[in-house]
Amino acid sequence: VNVGGAMFIASMGSNVSLRRNLFAGNSSDDRGGAIDINCATSGTVRFENSTFYGNGGDEVIYVCGDEVLDLVHCTFKDNIGALVNLANGDSAAGRVQWSGCIVDDPRSTSCALAAGTYLSLGGNVTTSTDADCGLSTATDLFANPELAPGLADNGGPTATLAIPSTSPAHDLGGPAACPATDQRGFLRTDGSCDAGAFELGATPP
């Protein structure tokens, strides 16, 4: 696969929203080990309650265009290459926004930036020290999120990466409006939602 090991997105002027997905073990020869967002894309591309695990390439997500990439309660672990490559855009429109995410990628700790902006909306837990990623607000934590060592069947249609009660991601709270469910479709009902795609103690619908 040359571009977008799992998915190639090209959307002119329309918003794209993808929820409760697992992207695991994908790779590409050129751009976007998991996701390639085409240069003609505009609007907002949103990934919510999704896990990116064990993907390989120059970057996990390649972003080319003036769109907004919204990463909401996503989990990144054991990927290779840059987390995101914001390859083209302008300071006003081309940007990546993190919200309530977990980034635990010792082999993929950087964010590539040619033009545009990385912005944290808070409530993220990260092991990345790359300032370009923008994970540096007062409510972001630089800490080990204590993710499970690998994917497992924790219920729901896709495998997930669980967290224990000792994880700093547990009940971190994050943005005011947490997603109603986690990646499994389990309800986030305890008031203070966990960062990442997995909610500890969530109940099936």
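A disulfide is here a pair of cysteine sulfur atoms within 2.5 Å. The structure examined in these exercises is a predicted model.

**Exercise 1.** Determine how many disulfides the chain contains and which cysteines they join.

*Solution.*
Step 1. Apply the cut-off to the sulfur pairs. C39 and C64 are joined, with 1.8 Å from S to S. C111 and C133 are joined at 2.1 Å, and C178 and C193 at 2.0 Å.
Step 2. Count the pairs: the rule yields three disulfides.
Step 3. Number the bonded cysteines along the chain; the resulting pattern is 1-2, 3-4, 5-6.

**Exercise 2.** Explain why C74 and C101 are not bonded to each other.

*Solution.*
Step 1. Find the closest cysteine sulfur to that of C74: it belongs to C101, at 4.8 Å. The search from C101 leads back to C74, also at 4.8 Å.
Step 2. Compare with the cut-off. A disulfide requires sulfur atoms within 2.5 Å, so the 4.8 Å between C74 and C101 is too far for a bond.
Step 3. Consider exposure. C74 is buried, at 0% relative accessibility, and C101 is buried with a relative accessible area of 0%.

**Exercise 3.** Describe the handedness, the location and the exposure of the link between C39 and C64.

*Solution.*
Step 1. The angle about the S-S bond of C39 and C64 is 95°, and the link is right-handed.
Step 2. C39 belongs to strand β4 (residues 35-41) and C64 to strand β7 (residues 59-65), so the bond ties together parts that lie 25 residues apart in sequence.
Step 3. Buried means under 20% relative accessible area. C64, at 4%, is therefore buried, whereas C39, at 41%, is partly exposed.

**Exercise 4.** State the handedness of the link between C178 and C193, and where the two cysteines lie.

*Solution.*
Step 1. With -60° about the S-S bond, the link of C178 and C193 is left-handed.
Step 2. Both C178 and C193 lie in the segment after β16, 15 residues apart.
Step 3. C178 is partly exposed at 27%, while C193 is buried at 4%.

**Exercise 5.** Give the strand order of the six-stranded open sheet and identify its edge strands.

*Solution.*
Step 1. The order is β3-β6-β9-β12-β15-β16, with parallel pairing.
Step 2. An edge strand pairs on one side only; β3 (22-24) and β16 (141-142) meet this condition.
Step 3. Examine one pairing: β15 (residues 125-126) and β16 are parallel and share two bridges. In one of the pairs, V125 has L141 of β16 as its bridge partner.

Key
Residues numbered from 1 in each chain as written. Predicted model: local features only at pLDDT ≥ 70, side-chain atom pairs only at ≥ 80, totals over all residues. Heavy atoms only, no water. Pairing = 2+ DSSP bridges. Helix = DSSP H or I, 4+ residues; strand = E, 2+ residues; numbered from the N terminus. Buried < 20%, exposed > 50% of the residue type's maximum accessible area, 1.4 Å probe, protein only.
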